[in-house]
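Good morning. I have one structure to show today, and I will put it on the screen before I say anything about it.

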Amino acid sequence: MTGNTFGRVFRITTCGESYSGGFRKKQGMPEGLHGGLIAIVDGVPPGIKITAQMIQEELDKRKPGLSKLTTPRSEADMVFIFSGVMEDDLTTGAPVGLYIPNTDIEEVHIEQHRSNKDFIRPGQAAYTYYKKYGQFADWAGAGRASGRETAARVAGGAVAKAVLDTMGIDVIGYVVESHGIKAGHITYEMAKANYRKNEINCPDLEKAEEMIEDLLKVKASGDSCGGIIEVIAKGVPAGLGEPVFDKLSATIAHGLMSIGGVKGIEFGEGFELARKKGSESNDTPYFDKETGRIRFRTNRAGGVLGGISTGEEIRVRVAVKPTPTIMLEQETVNVSTLQNVTHRFTSRSDPSLCPRIYPVCEAMVRIAVLDAIYIANGYRSVVRNIDPRWEEL
Ligand SMILES: Cc1cc2nc3c(=O)[nH]c(=O)nc-3n(C[C@H](O)[C@H](O)[C@H](O)COP(=O)(O)O)c2cc1C
């Protein structure tokens, strides 16, 4: 398997699977070291305060088993820092290593997956993993294709957050649609004020009630549903992103589209722009006397033009598909007998990915933005003859 690193200068590398460690429990290893998830964060500047508590706060947003809307799997998701930070909690500049042990990996659950392993789980990565890794594919809880993999990204993203905090850049994610129930327009201020005020983390508090009620009905029927997550990055300076292959929008999209279950993405008004005229979609610039900068009357572009940040807030939305694992009979294939069968999968699963995926989206946007800052500043350091007037605008 390749491609387990994201970012070019500020980078995270992850490893670990859903049930890794379950098989090694009896091998005399110290408690908690059988298996789990690891994030190695490279490019962290020295002198940044990082504590396990800070990372834990991010991980707790994604932690399973905390609400009636999420999977009953009860992972502690406790993070341990094992490198890159000194006793004063300040980074040394060395890679920051983070470890999250798998704890809820009981034999009974591994057995559930073992008994289902010959049946291709519809909507999951089972078929494509078998095509790529054959008989060696990890069948326990979807292996690397499990949502559990994203705990390591959230831990790495928490380190990016600590660096971005020192620059006044804030990234916030929340649910704007669940199973067709739409929230009204959410401003940054509204998102901040109502952040995580309900189990689905939708800042439109009335719509959130509707969403939760609906989600419980979907769950009771043994089915699942999808939704839309919106992320705002506030305080991002103008000038980030490379204009061709490494557009800021492209690298953010790369990060977000790499999350399991994400099926679509749009910046600003996104797909809606396809239905508009130029006069209805252009963001008109104006000179803002207060800041001495050029700003835009509207932000339909979502904060990126020509792949480069405009200095307005970056606003991006992702479409999240319904959780593939459902508690209903479905058609599938038994790969050992090659018979077409109907099968009902028994395993612990989320009725909707939305209540747990937004912190993962926040993490990926943070990493992409911070990485773009390193690249933009590196490039700027060799550009010597631009009239500073342009930089000030
Ligand atoms: C936080 C999170 C939790 C997830 N939980 C589940 C789950 O409980 N059951 C499941 O079938 N898929 C779950 N997924 C989705 C699968 O990882 C994903 O659908 C699968 O890997 C197939 O990839 P694709 O949907 O991107 O094609 C979760 C994803 C995330 C990000």
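I will go from the whole chain to its sheets, then to one helix, a few single residues and the ligand.

First, what we are looking at. This is a predicted model: local features need pLDDT of at least 70, side-chain atom pairs count only at pLDDT 80 or more, and totals for chains, interfaces and linings use all residues. Residues are numbered from 1 along each chain, as its sequence is written.

The chain has ten helices and 16 strands. Helices here are DSSP runs of H or I with at least four residues, strands are runs of E with at least two, and both are numbered from the N terminus. Along the principal axes, the C-alpha atoms fill a box of roughly 70 × 50 × 40 Å. A compact globule of 393 residues would have a radius of gyration near 21 Å, and the chain, with 22 Å, agrees with that. That radius is taken over C-alpha atoms, and the globule rule is 2.2 Å times the number of residues to the power 0.38.

Of the 393 residues, 41% are buried. Buried means that 20 or more other C-beta atoms lie within 10 Å of the residue's own; exposed means 12 or fewer, partly exposed is in between, and the C-beta atoms are placed from the backbone. Among contacts with a separation of 6 or more, 72% are between residues 24 or more positions apart. A contact means C-beta atoms, placed from the backbone, within 7 Å of each other.

Now the sheets. One is an open sheet of five strands, in the order β1-β2-β3-β5-β4, with antiparallel pairing. Its edges are β1 (5-6) and β4, each with a single partner strand, so one side of each has no neighbour in the sheet. Two strands count as paired if DSSP finds at least two bridges between them. Between β1 and β2 (residues 11-16) there are two bridges, and F6 has I12 in β2 as its bridge partner.

Elsewhere there is strand β14, residues 314-320. Why do I call it largely enclosed by the rest of the structure? Because six of its seven residues are buried. β14 runs antiparallel to β8 (residues 227-234), with seven bridges between them; one pair there is G227 with V320. β14 is also antiparallel to β9 (residues 262-267), this time with five bridges, and F267 stands opposite V316.

Next, helix α1, residues 52-62. Its buried residues are I55, E58, L59, K61 and R62. They cover an arc of only 150° around the axis, so they lie on the same side of α1. The arc is that of the directions from the helix axis to the C-beta atoms. What covers these residues includes β5 (96-101), α4 (150-165) and α9.

I55 leads to I81, which sits in strand β4. The two are 26 residues apart in sequence, and their C-alpha atoms are 9.3 Å apart in space. Leaving out residues up to four places away, I81 touches I50, A52, V96 and L98. I81 counts as partly exposed because it has 19 C-beta neighbours inside 10 Å.

Two residues have an unusual sign of phi. Most residues other than glycine have a negative phi. D77, in the loop between α1 and β4 (80-83), has a phi near 50°. H179, in the loop between β6 (170-178) and β7 (181-182), also has a phi near 50°. Are they buried or exposed? D77 is buried, with 25 C-beta neighbours inside 10 Å, while H179 is partly exposed, with 18 other C-beta atoms within 10 Å.

One more residue is T251, in helix α7 (residues 248-257). T251 has 26 C-beta neighbours inside 10 Å and so counts as buried. Apart from neighbours within four places in sequence, its contacts are D246, A368, D371 and A372.

Last, the ligand. Which of the 22 residues around it come nearest? They are A145, G147, G260, T325 and S349. A residue counts as near if its C-beta atom, placed from the backbone, lies within 6 Å of the molecule. Helix α9 (residues 354-380) gives the largest share of this shell, three residues. By class, the shell has eight nonpolar, ten polar and four charged residues. Nonpolar covers Ala, Val, Leu, Ile, Met, Phe, Trp, Tyr, Cys and Pro; charged covers Asp, Glu, Lys and Arg; the others, Gly among them, are polar.

That is the end of my part.

Note on methods:
Two residues are in contact if their C-beta atoms, placed from the backbone, lie within 7 Å.
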